[in-house]
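Work through the following exercises with the sequence and the structure open beside you. Try each task before you read its solution.

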Amino acid sequence: MQAWMKTICQLFSPKTLTHLAQETGFIQRKRALTAEAFLTLCAWGDGSLAQQSLQRLCTSLTLRHDCSLSSEGLNQRFTERAVAFLREVFFLLLQRQRPLLWSTIQTYRTCFTRLRILDSTSFLVPADYGEDYRGSVSSGAKIQFEYDLLSGACLQLCVQSANDSDARFAYHAQHTILPNDLCIRDLGFFSVAALTEIDARGAYYITRLRSDMKVYIKENSQWKEWDWESLGNQLKEGESVEMEHVYIGHERLYIPRLIFRRLTEEEWQKRMAYVRKREKRKGKALTRQTLEQKKYHILLTNLPQESFDGQQVYEL
């Protein structure tokens with residue numbers, strides 16, 4: 001908690017936060033609850049904000065910010081103006097991250113119209129919201145966020161049910177893609193239909209291969225399933241190989257390039273720690289084949305090889 005407080009102080013002065021709160025209407029006159037205290041409570045409080053009682057949150061404010069506020073008084077601060085304030089802080093944080101990536105931005109500015117990064121995050125919400133926000137087990141919400149790294153612009157930001165499909169969201173957002181955009185998405189957004197549409201719009205993609213998706217090679221007009229295990233056993237740690245002109249899925253979607261890289265021992269251990277944690281949370285063990293494939297990083301892309309070699313694609 002102290003580390004987060006230090007970060008807040010480094011990035012935002014109390015004066016800056018108060019100004020943002022006033023601009024959004026969250027603070028209209030001097031109050032016991034400051035903008036800094038409210039931000040800390042919402043973004044970096046202990047545990048899930050939605051699972052804590054108002055009384056406990058008020059106690060936290062008293063201990064950490066010497067702010068005396070009743071439960072009802074705090075409850076009345078959670079308004080649309082509070083959401084607007086937190087949104088402005090979020091976008092300001094994004095803008096302040098851009099200078100750290102300036103060399104990357106300058107490198108790719110001339111290559112792409114936009115460098116689109118799409119991701120999502122899910123979280124539990126109180127049962128009262130179950131009718132509007134459904135999860136796989138209990139009530140849950142999901143935030144979908146797409147960001148253009150080159151301009152710093154927010155392309156999409158929406159809230160939906162936690163059990164809504166990432167792949168479906170990505171597919172229905174395809175109409176926003178422009179020629180020469182580069183779309184980088186996590187595995188959950190993977191779908192053959194989405195890749196087909198991105199390519200048809202004259203844009204580019206980089207995505208990992210789903211573990212249940214088969215890869216085929218066409219030799220002498222015959223389809224042959226790619227034996228990734230045999231190839232993987234020939235690679236040393238950190239070594240990669242590139243294959244051109246492959247096809248995926250039962251649709252046999254054409255993919256110009258597949259980049260196959262064996263993880264280092266350190267990368268493998270880090271990935272497995274995440275996998276085991278996820279298995280425990282979901283109560284479902286992965287198959288042997290899926291676990292074996294976790295030793296490798298398999299990327300699909302339609303970026304031209306003459307402009308981006310395999311290492312550049314992997315770094316992106």
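**Exercise 1. Find the partner of Glu146 in a salt bridge, and say where the two residues lie.**

Solution. Begin with the rule: a salt bridge is a side-chain nitrogen of Lys or Arg within 4 Å of a carboxyl oxygen of Asp or Glu. Glu146 meets this rule with Arg116, since the closest N and O atoms of the two are 2.9 Å apart. Next, place them in the chain, where helices (H or I, at least four residues) and strands (E, at least two) are DSSP runs numbered from the N terminus. Glu146 belongs to strand S2 (residues 140-148) and Arg116 to strand S1 (residues 115-124), so that this pair, 30 residues apart, links distant parts of the chain. Then look at burial, for which buried means under 20% relative accessible area, exposed over 50%, and partly exposed in between (1.4 Å probe, protein chains only). Glu146 is buried at 1%, and Arg116 is buried at 2%. Finally, widen the view: Arg114, Arg116, Glu146 and Asp181 are linked in a network of salt bridges.

The model is predicted, so local features need pLDDT of at least 70 and side-chain atom pairs count only at pLDDT 80 or more, while totals for chains, interfaces and linings use all residues. Residues are numbered from 1 along each chain as its sequence is written, and side-chain values use heavy atoms, with hydrogens and water left out.

**Exercise 2. How many salt bridges does a search of the whole structure find? Describe the pairs of Lys142 and of Glu267.**

Solution. The search finds nine salt bridges. In one of these, the side chains of Lys142 and Asp166 meet at 3.1 Å, N to O. Because Lys142 lies in strand S2 and Asp166 in helix H8 (residues 166-172), the pair ties together parts that are 24 residues apart in sequence. Lys142 is buried at 6% relative accessibility, and Asp166 is buried at 14%. In the pair of Glu267 and Arg261, the closest N and O atoms are 3.0 Å apart; here Glu267 is partly exposed at 28%, whereas Arg261 is buried at 11%.

**Exercise 3. Why is Cys58 in no disulfide?**

Solution. Recall that a disulfide is a covalent bond between the sulfur atoms of two cysteines. The test applied here asks for a pair of cysteine sulfur atoms within 2.5 Å, and by this rule the count comes to zero disulfides. For Cys58, the closest cysteine sulfur is that of Cys67, and because the two sulfurs are 8.0 Å apart, they are too far for a bond. Cys111 is likewise in no disulfide, as the nearest cysteine sulfur, that of Cys183, is 15 Å away. As to burial, Cys58 is buried at 3% relative accessible area, while Cys111 is partly exposed at 27%.

**Exercise 4. Which residues of helix H2 are buried, and how are they arranged around its axis?**

Solution. Helix H2 spans residues 14-23, and its buried residues are Leu17, Leu20 and Ala21. Looking down the axis, and taking the directions from the helix axis to the C-beta atoms, one finds these residues within an arc of 100°, so they line one face of the helix. A general rule helps here: an α-helix has 3.6 residues a turn, so residues three or four places apart point the same way. On the other side of H2, Lys15 and Glu23 are exposed.

**Exercise 5. Describe how S6 and S7 pair, and examine the phi values of Asn220 and Ser221.**

Solution. Two strands pair if DSSP finds at least two bridges between them. S6 and S7 pair in the antiparallel sense over four bridges, and Tyr216 stands opposite Glu225 in S7. The two strands form a hairpin with two residues between them, and Asn220 in the turn has a positive phi of about 55°. Ser221, in the loop between strand S6 (215-219) and strand S7 (222-225), also has a positive phi, near 65°. Most residues other than glycine have a negative phi. Ser221 is exposed, at 62% relative accessibility.
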